[in-house]
Amino acid sequence: MELHPALTTQVLSTRHECSGLLSRSGSAARATLASVWQEHRIIACLALGYITIGGLVLTALGRHWPIAVFNRSFGIAWSSMTAAWLLWRYFRGPRQLRQALSGPRLVGAILVSALVVPTQITFQALKQSIGPVIGFRADPLLHRVDVLLHGGMAWTWFEPLLMRPSWVRAIDFLYMAWFGLLFVFFFWALWSGARVLRQRALIAFLLMWIGGGTATAWLASSGGPCYYEHVVAGADPYAPLLARLDAIGSEHGELKARFNQRGLWEIRRADTWGHFAGISAMPSLHVGVAVLLAVVAMQRSRVLGSILTAYAAVIQ
């Protein structure tokens, strides 16, 4: 059976159009992937290298390393905030929504999201291994340096503040709000249109997490003032400070930071896994990340940058 010449021509034309469409789609996809790799290659190499080396170290030490690419809590938070953000972009204008969902930005956001959970799990596993593997050896030295720098116990400079429970609770709230700010930073970094600033911020964060939170944390292994009595024999020079904080907690409800500290020590003592556990006082990622957020925010808004600068000063 032969096709009518006109029908044959139409079929051939349709095949040619489909072939051309597939070719253009393939070229567009390759261009998108090339663009995403060009933008994220340093971030991806840092994260994947850290995960790989960290995993090998943990395996060699016989430590728990529950590696995963996804967890339910992160997925729910990511989906909820992404949906809210895209809805906000839609109400600002369809053009802004199309820009937000352009190929490179969408694929870049997915790539960074896929790196967050395994990087964080590796970081937490390494952090939780410091105490059991090498102990907290630097606390006596760091205490002497602290006294030398401040001419005595640094916390005594703030004794008038410690007599005001409302001020202490305000600082306690701001200190614990750091975790929320950290997630907001990640979310901004996933979708921000300020691509160069976003890239620099993510690289700086990774270097801080790896260099400060892991490498230096192992070299200067320390529990810090709140665990001094547990890791250093003899009198605890921070006991009066902690007693005052606990007194405030007994009168008005336990301070969130003190509750968190007790929970972290219980996990450390039992040597069990905790998603956001691990003890390491030096260097302080709380302060380091707060300063990084202030520096990044200053590039976008002087007002927001000033607010976050004040925040970094308050929580240190």
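Select valine 147 and show what surrounds it: leaving aside neighbours within four places in sequence, valine 147 is in contact with Gly152 and Met153, where contact means heavy atoms within 4.5 Å. This is a predicted model, in which local features need pLDDT of at least 70 and side-chain atom pairs count only at pLDDT 80 or more, while totals for chains, interfaces and linings use all residues. Residues are numbered from 1 along each chain as its sequence is written, and side-chain values use heavy atoms, with hydrogens and water left out.

Stay on valine 147 a moment longer. Its place is in helix H5, residues 139-150; helices (H or I, at least four residues) and strands (E, at least two) are DSSP runs, numbered from the N terminus. Valine 147 counts as partly exposed, at 28% relative accessibility. On the scale used here, buried means under 20% relative accessible area, exposed means over 50%, and partly exposed lies in between (1.4 Å probe, protein chains only). Now add alanine 31 and draw a distance: the two C-alpha atoms are separated by 58 Å, for residues 116 apart along the chain.

**Zoom out**

With the whole protein chain in view, how many helices and strands does the secondary structure come to? There are 14 helices and zero strands. The C-alpha trace spans about 100 × 50 × 30 Å along its principal axes. The radius of gyration (taken over C-alpha atoms) is 26 Å, whereas a compact globule of 316 residues would have one near 20 Å; that globule rule is 2.2 Å times the number of residues to the power 0.38.

Switch on a surface if you like. The accessible surface comes to about 18100 Å², and 67% of it belongs to carbon and sulfur atoms; these areas come from the Shrake-Rupley method with a 1.4 Å probe, and for residues only the protein chains shown count as cover. Of the 316 residues, 39% count as buried. Among contacts between residues at least 6 apart in sequence, 77% join residues at least 24 apart.

**Just past H5**

Next, select tryptophan 155, in the loop between H5 and helix H6 (159-162). Is tryptophan 155 buried or exposed? It is buried, because its relative accessible area is 15%. Apart from neighbours within four places in sequence, tryptophan 155 is in contact with Leu162, Pro237, Tyr238, Pro240 and Leu241. Measure to alanine 313 as well: the pair is 158 residues apart in sequence and 15 Å apart in space, C-alpha to C-alpha.

**Into helix H4**

Move to threonine 122, whose place is in helix H4. Threonine 122 is buried, with a relative accessible area of 0%. Which residues is threonine 122 in contact with, leaving aside its neighbours within four places in sequence? They are Tyr50, Ile51, Gly54, Gly55, Leu58, Trp65 and Ile67.

Alanine 125 is also found in helix H4. Its relative accessible area is 1%, so alanine 125 is buried. Not counting residues up to four places away in sequence, alanine 125 touches Leu58, His64, Trp65 and Trp273. Check glycine 54 too: its C-alpha atom and that of alanine 125 are separated by 8.7 Å, with the two positions 71 residues apart along the chain.

**The loop before H13**

Follow the backbone to the loop between H12 and H13, where aspartate 271 is found. Plot its backbone angles: phi of aspartate 271 is near 50°, a positive value in a residue other than glycine. Aspartate 271 counts as partly exposed, at 37% relative accessibility. Proline 283 lies in the loop between helix H12 (256-270) and H13. The peptide bond from methionine 282 to proline 283 is cis, with omega near -5°.

**Along helix H13**

Finish with helix H13, residues 285-300. Its 16 residues reach 23 Å from the first C-alpha to the last, close to the 22 Å expected at 1.5 Å a residue; the expected span is 1.5 Å times one less than the number of residues. Buried residues in H13 include Leu285, Gly288, Val289 and Leu292. What covers the buried residues of H13 includes helices H4 (103-134), H7 (165-176), H8 (178-191), H9 (195-219) and H14 (302-315).

Your last selection is histidine 286, found in helix H13. Histidine 286 counts as buried because its relative accessibility is 12%. Show the side chains of Tyr175, Trp178, Phe179 and Ile315: histidine 286 touches these residues, not counting those up to four places away in sequence.
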